[in-house]
Amino acid sequence: MTTTLITGANKGLGFETARQLVGAGHTVYVASRDAGRGRLAAERLGARAVALDVTDDASVAAAARAVEADGGLDVLVNNAGIQVEMEDGRVAGAAELTAEMMRRTFETNVVGMVRVLHAFLPLLRRSGAPVVVNVSSGLASLSRMTDPGMVGHAYPGVAYPASKAAVNMVTVQYAKAFPQMRINAVEPGFTRTDLNGNTGLQTVEQGAEIIVRMAQVGPDGPTGGYFDAEGPLAW
Ligand code: NAP
């Protein structure tokens, strides 16, 4: 039996990933920063609920203790993420970005991911087939963002793509440090969720597909890579 924890799983891509992995037979923890929203989502899915705010040391440590006491963890999906907006709903371009917006974005998307990895690594190291999926973005790709012909080139925001580029580097360095684990970054594609005011072009079913696929890689599968539904992406 494979046990999987997904951060930010009360809605959006995390919820859909939980739904598909429950369907694939995983025992799934819906991790949510709001205990009530998490419990409701878990009930709908036939999953377990655990309170976990990626920006809070005590919350993450308590979640790791609870999952450990219940038998441990095989798969960690680092999905929780934010895109900080200005008061008018736009993302801050280079002329508008403040240190505070940058700090808030990195606190959840990067520091939060490392906080969760640090707390759950001891559990993953005891698994026979440990897997980590870090939910990145196509906007993390330096190759794409510097190519005027590529989707995403015109995106003006700084903080969110920079945070996801850091997620990619975290992925590469952890994958080298833990060769017995499969640790990959994924780009779900532009998906209709609250993150983008539901303007995305894909359904959550389509967006979650690569997250679900990489959550199920076997010990001979890739590690230290960056993938979308079509295959490997240029960094
Ligand atoms: P979403 O619907 O806004 O869901 C984001 C989830 O993250 C929510 O469950 C949210 O919880 C949770 N979260 C935020 N801050 C948290 C914290 N401090 N601790 C724990 N959970 C927290 O957005 P989504 O599109 O599904 O995003 C999921 C991931 O996909 C993110 O990493 C995002 O960057 C990435 N992504 C999305 C797209 C896209 O087009 N949608 C494209 C590429 C990558 P609350 O409900 O409590 O706010």
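**Sheet, helix and ligand**

Me: Which residue in E4 is the bridge partner of isoleucine 6?
Reply: Happy to help! This is a predicted model, where local features need pLDDT of at least 70, side-chain atom pairs count only at pLDDT 80 or more, and totals for chains, interfaces and linings use all residues. Strand E1 (residues 3–7) runs parallel to strand E4 (residues 75–78), and three bridges join them. For isoleucine 6, the bridge partner in E4 is valine 77.

Me: Which are the edge strands of the open sheet?
Reply: Strands (E, at least two residues) and helices (H or I, at least four) are DSSP runs numbered from the N terminus, and two strands pair if DSSP finds at least two bridges between them. The open sheet has eight strands with mixed pairing, in the order E3-E2-E1-E4-E5-E6-E7-E8. Pairing on one side only marks the edge strands, E3 (48–51) and E8 (231–232).

Me: On which residue is the kink in H4 centred?
Reply: Residues are numbered from 1 along each chain as its sequence is written, and side-chain values use heavy atoms, with hydrogens and water left out. Helix H4 covers residues 99–125. The bend at a residue is the angle between axes fitted to the seven residues ending there and the seven starting there. In H4 the kink is about 45°, and its centre is glutamate 107.

Me: How far is a polar side-chain atom of arginine 33 from an oxygen atom of the ligand?
Reply: A polar contact here is a pair of N or O atoms within 3.5 Å. Lysine 164 places a polar side-chain atom 2.9 Å from a ligand oxygen atom, and for a side-chain N or O atom of asparagine 196 the distance is 3.2 Å. For arginine 33, the value is 2.6 Å.

Notes: Expected span 1.5 Å × (residues − 1). Polar contact = N/O pair within 3.5 Å; in protein donor to acceptor, adjacent residues only side chain to side chain.
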